[in-house]
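Visitor: I am new to this structure. Please show me how to read its features, one at a time.

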Amino acid sequence: MTAAAPEPKTNMGQPVPRYDAAAKVTGRATYASDMPLDNPAHAFLVTSAIARGRIDNFDLDDAKRVRGVIDIVTHENAPKLKESKLFSNGGYAGTTIQPLKSADIAHDGQIIAVVIAESYEAAREAANRVKVRYTATTPSATFDSPGTTTAAAKGQNAQFKEDPGVGDFAKAFGAAEVKLTAAYDTPTQHHNPMELFSTSCVWMGDNLVIYEGSQFVYGLKNGVAEQLGIDADKVRVVNPYVGGGFGSRGSMTPRTAIIAGIAKRLNRPIKLVPTRDQGFTITTYRAETRHEIKLGANRDGKLLALRHEGAEVSSRADAYCVGGTKTTARLYACPNVASLVSIVRADRNTPGFMRSPPEVPYLFALESAMDELAVKLNMDPIELRRINDTTVEPIGGKPYTSRSLMACFDEAAKAFGWAQRSPQPKSMSDGDWLIGYGCAATCYPTQMAPSAARVRLQRDGRTRVEIAGHEIGTGAYTVIAQTAAERLGVPLEKVAVFMGDSDLPPAPVAGGSNSTASTCSAVMMVCDQIRQRLFKAVMPDSLTDKAKETVGISQAPATQAAKSDRPLDIEKAFDALGVGVVEEYGEWKPEGAPLDSFRAMHSGQVRLVGGHTMKDQIAYAFGAEFVEVRINRFTHEIRCPRLVGAFAGGRIMNPRTARSQLMGGLIWGMSSALLEATEIDERNARYVNDNLADYLVPVNADVPAVEVILLSEQDDHINPAGVKGLGELANVGTNAAICNAIHHATGQRIRKLPVRLENIEV
Ligand code: MOS
């Protein structure tokens with residue numbers, strides 16, 4: 001075993017290497033824009049240079065003179081498309097701002113024209129020659145900009161139904177011995193997956209094939225069909241590999257149906273590869289947020305009152321919000337809780353999911369405030385969490401299905417060497433460097449959604465698993481193969497997994513960290529259907545009555561045996577059945593899923609179950625993160641030499657892919673604290689640093705040591721796979737841990753991200 005392949009503990013699978021590792025590192029893995037097309041035309045987008053107003057006219061003469069230009073599509077001649085509702089309102093779209101519909105401009109960087117040419121270069125050249133005359137109106141860029149409107153999220157966003165609260169916050173806060181009021185800010189951030197937001201569309205008669213990196217092939221297929229007004233069965237989305245998701249590919253963006261419509265009209269395959277800077281405005285992003293936290297506690301550190309008010313920016317058109325109070329109101333024992341989330345509408349593109357959408361900004365606020373409270377109480381911040389740890393969430397009084405928060409703190413503290421910390425701020429240094437230690441909690445809801453799967457087993461053990469899941473870099477092929485191999489008792493190398501194709505049985509969006517729990521539960525169920533057929537063939541005759549009693553299978557022998565871990569003699573069963581192949585299809589849904597779940601699943605809508613929305617319980621994964629920061633007392637340079645995280649996520653399917661996923665999360669968490677911010681030119685409501693040179697992301701030298709500790713945890717209440725999901729857990733809380741460490745190093749409390757050297761005042 002190595003650091004990359006940790007020794008499995010109880011309730012963990014084997015740390016097998018990624019099924020697709022060789023394909024990826026040798027370039028054999030094909031991403032959307034790698035798909036070979038027959039005589040494609042190339043598209044290049046023209047995007048708006050103003051954020052609000054209208055297009056008066058285009059001058060296309062110069063552009064049309066570029067050799068190889070086939071067509072230039074604007075709102076005056078664009079294919080007519082139907083509108084789609086926002087994803088969070090039961091539709092498919094990440095934005096309801098539909099470009100090329102009219103002359104209106106709703107945000108900077110909106111698609112206003114598409115140039116089609118024989119080559120990428122010709123299309124790009126012509127796009128640069130498109131002249132646009134606008135009538136511009138002054139846009140509202142962000143918080144405090146004149147012209148924004150603010151209203152409670154509740155009532156305007158279908159997914160944000162309530163501002164959680166319990167008890168009497170005002171009274172309890174008034175009476176509390178120790179009080180804290182603090183405000184926190186998080187910046188605009190953009191997910192920049194390596195793979196650009198490419199789309200290729202190919203029609204064969206009335207049938208459309210879309211090659212596009214997507215976290216939800218069923219959603220995209222149904223959404224594009226809806227926009228084109230055609231039968232969803234005529235649309236197929238293919239993406240065996242996706243070059244990073246992070247939420248950016250969870251919902252449909254307007255580009256896809258536009259390209260499909262143009263391809264149909266021109267009767268030719270069209271390939272679009274947008275530029276990196278276009279990716280900042282033609283998809284979604286993490287909007288800036290503001291928070292006010294009030295904590296009231298007694299001298300012993302017991303929380304008596306908690307209030308979390310959050311505000312988030314969204315577009316004029318859409319009431320998107322992440323509403324992280326659903327988590328922060330429930331994380332600690334506290335009898336009096338109040339909360340309020342507001343949405344501020346500005347002239348911006350609609351924000352959307354970005355890794356751990358609610359928890360990253362909202363836990364930054366809460367976990368910073370907890371540290372501030374610990375300082376006020378002169379108490380160790382871990383002890384403050386221990387005093388307020390709970391097995392029951394305070395809002396609805398529902399028990400956590402399992403909760404290993406303090407076990408994570410203890411393990412991570414030990415590995416980090418927290419005991420060596422001298423608690424006084426500014427008390428640790430090394431030459432010119434002030435040293436700070438900080439920590440914070442992380443948590444993420446355990447979510448599941450209905451999923452189907454098809455499994456085919458041959459007599460020689462060769463197995464084919466088909467499921468329209470998504471490999472977005474997480475190791476999905478690997479854990480699904482492990483699940484089938486384990487359940488059927490066949491060697492892993494005999495299992496082939498097929499994903500990323502909407503012609504396969506439906507799986508949910510690869511979002512909300514639900515994929516492993518949902519797809520593996522479905523695959524397990526279908527493998528059990530196969531086992532049942534095979535056991536039926538060889539039972540009951542193969543067992544004595546006595547043996548049946550011992551394994552408890554006298555009632556429904558084949559079913560019971562299928563669900564048990566009894567080994568199966570596949571060859572014998574095949575011979576008894578007299579067949580060459582056994583194939584089963586099945587549809588799994590989590591307990592508590594609504595009645596329309598399967599219908600929704602086939603039409604590309606997701607019925608997520610879990611987190612705080614379960615009926616009698618609440619399910620979350622937990623972790624604790626520790627960081628060391630070093631701040632140069634002269635230059636104020638900030639370094640983060642060590643990140644240590646301990647995590648408990650139920651069953652760990654594969655410690656290697658789990659560690660890798662959590663390590664990436666920790667690094668991103670550090671990045672969200674120290675590096676990442678999309679700067680907005682407030683006069684023009686325009687993103688300034690819309691490229692990977694100016695939008696800072698970490699490199700290896702920024703993260704010298706990352707340690708991931710996987711805790712053994714078993715939770716039988718969540719799903720058959722026992723999986724809580726790790727995709728988003730690790731980048732939550734890291735930003736608070738960093739600011740807490742900066743306070744320890746310098747005595748300066750920083751409440752606004754990102755922290756740069758110019759913000760340090762020691
Ligand atoms: Mo994730 S932001 O739920 O794709």
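**Reading the strands, burial and cavities**

Guide: Start with a turn between two strands. In the hairpin of β24 and β25, five residues sit between the strands, and His636 there takes a positive phi near 65 degrees. Keep in mind that this is a predicted model.

Visitor: How many bridges link β24 and strand β25, and in which sense do they pair?

Guide: They pair in the antiparallel sense, over nine bridges. Strand β25 covers residues 638-648. For one facing position, look at Arg630, which stands opposite Arg639 in β25.

Visitor: Which strand does β17 pair with, and over how many bridges?

Guide: The partner is β24, again antiparallel, with 13 bridges. Here Ala440 stands opposite Glu625 in β24. So β24 pairs with β17 and also with β25, and it is largely enclosed by the rest of the structure because twelve of its 13 residues are buried. Its residues run from 620 to 632.

Visitor: How do I decide between buried and exposed for a single residue?

Guide: Use the relative accessible area. Under 20% is buried, and over 50% is exposed. Thr442 has 0%, so it is buried. Ala170 has 56%, so it is exposed.

Visitor: Where do Thr442 and Ala170 lie?

Guide: Thr442 lies in strand β17, residues 433-445. Ala170 is in helix α4, residues 169-175.

Visitor: What does the side chain of Thr442 reach?

Guide: It reaches the backbone oxygen of Val732, at 3.4 Å. Thr442 also touches a set of residues beyond its sequence neighbours, among them Leu363, Leu405, Phe622, Glu625, Phe647 and Leu729.

Visitor: Which residues does Val644 touch?

Guide: Leaving out residues up to four places away in sequence, Val644 touches Ala412, Ala415, Phe416, Ala624, Glu625, Phe626, Glu707 and Ile709. Val644 is placed in strand β25. Its relative accessible area is 3%, so it is buried.

Visitor: How do I compare distance along the chain with distance in space?

Guide: Take two C-alpha atoms and read both numbers. Val644 and Gly219 are 425 residues apart in sequence and 37 Å apart in space. For Ala170 and Ala311, the separation is 141 residues along the chain and 20 Å between C-alpha atoms.

Visitor: Now a loop. Where is Gln215, and is it buried or exposed?

Guide: Gln215 is in the loop between β10 (207-211) and α5 (217-228). Its relative accessibility is 3%, so it counts as buried.

Visitor: Which backbone atoms does the side chain of Gln215 reach?

Guide: One is the backbone nitrogen of Ser248, at 3.4 Å. Another is the backbone nitrogen of Gly250, also at 3.4 Å. Beyond its close neighbours in sequence, Gln215 is in contact with residues including Phe246, Arg249, His470, Ile472 and Pro508.

Visitor: What is phi of Phe246?

Guide: Phi of Phe246 is near 60 degrees, a positive value in a residue other than glycine. Phe246 lies in the loop between β11 (235-238) and α6 (255-266). At 31% relative accessibility, it counts as partly exposed.

Ser356 is another case to check. Its phi is positive, about 55 degrees, and it is not a glycine. Find it in the loop between β15 (336-346) and α9 (359-377). Ser356 is buried, with a relative accessible area of 0%.

Visitor: Which residues does a cis peptide bond join?

Guide: Leu753 and Pro754, with omega about -10 degrees. Pro754 is in the segment after α19 (734-746).

Visitor: How many cavities of 30 Å³ or more does a search of the whole structure find?

Guide: Nine. For each one, read the volume, then the lining. The largest has a volume of about 120 Å³. Its lining has 16 residues, with Thr95, His107, Pro254, Thr281 and Ile282 nearest its centre. By class, that lining has five nonpolar, eleven polar and no charged residues.

Visitor: What volume does the second largest cavity have?

Guide: About 90 Å³. Of the 16 residues lining the second largest cavity, Ser214, Arg249, Gly250, Ser251 and Met252 are closest to its centre. The lining divides into six nonpolar, seven polar and three charged residues.

Terms used:
Residues are numbered from 1 along each chain as its sequence is written. This is a predicted model: local features need pLDDT of at least 70, side-chain atom pairs count only at pLDDT 80 or more; totals for chains, interfaces and linings use all residues. Side-chain values use heavy atoms; hydrogens and water are left out. Helices (H or I, at least four residues) and strands (E, at least two) are DSSP runs, numbered from the N terminus. Buried means under 20% relative accessible area, exposed over 50%, partly exposed in between (1.4 Å probe, protein chains only). A polar contact is a pair of N or O atoms within 3.5 Å; within protein, one must be able to donate a hydrogen and the other to accept it, and residues adjacent in sequence count only if both atoms are side-chain atoms. Contact means heavy atoms within 4.5 Å. Two strands pair if DSSP finds at least two bridges between them. On a 1 Å grid over the protein atoms alone, a cavity is a set of points where a 1.4 Å probe fits but cannot get out, and a pocket is an open set with protein on both sides within 12 Å along at least five of seven lines; lining residues have an atom within 4 Å of a point. Grid points are joined across faces, edges and corners, and a volume is the space filled by probe spheres set on the points. Ala, Val, Leu, Ile, Met, Phe, Trp, Tyr, Cys and Pro count as nonpolar, Asp, Glu, Lys and Arg as charged, and the others, Gly among them, as polar.
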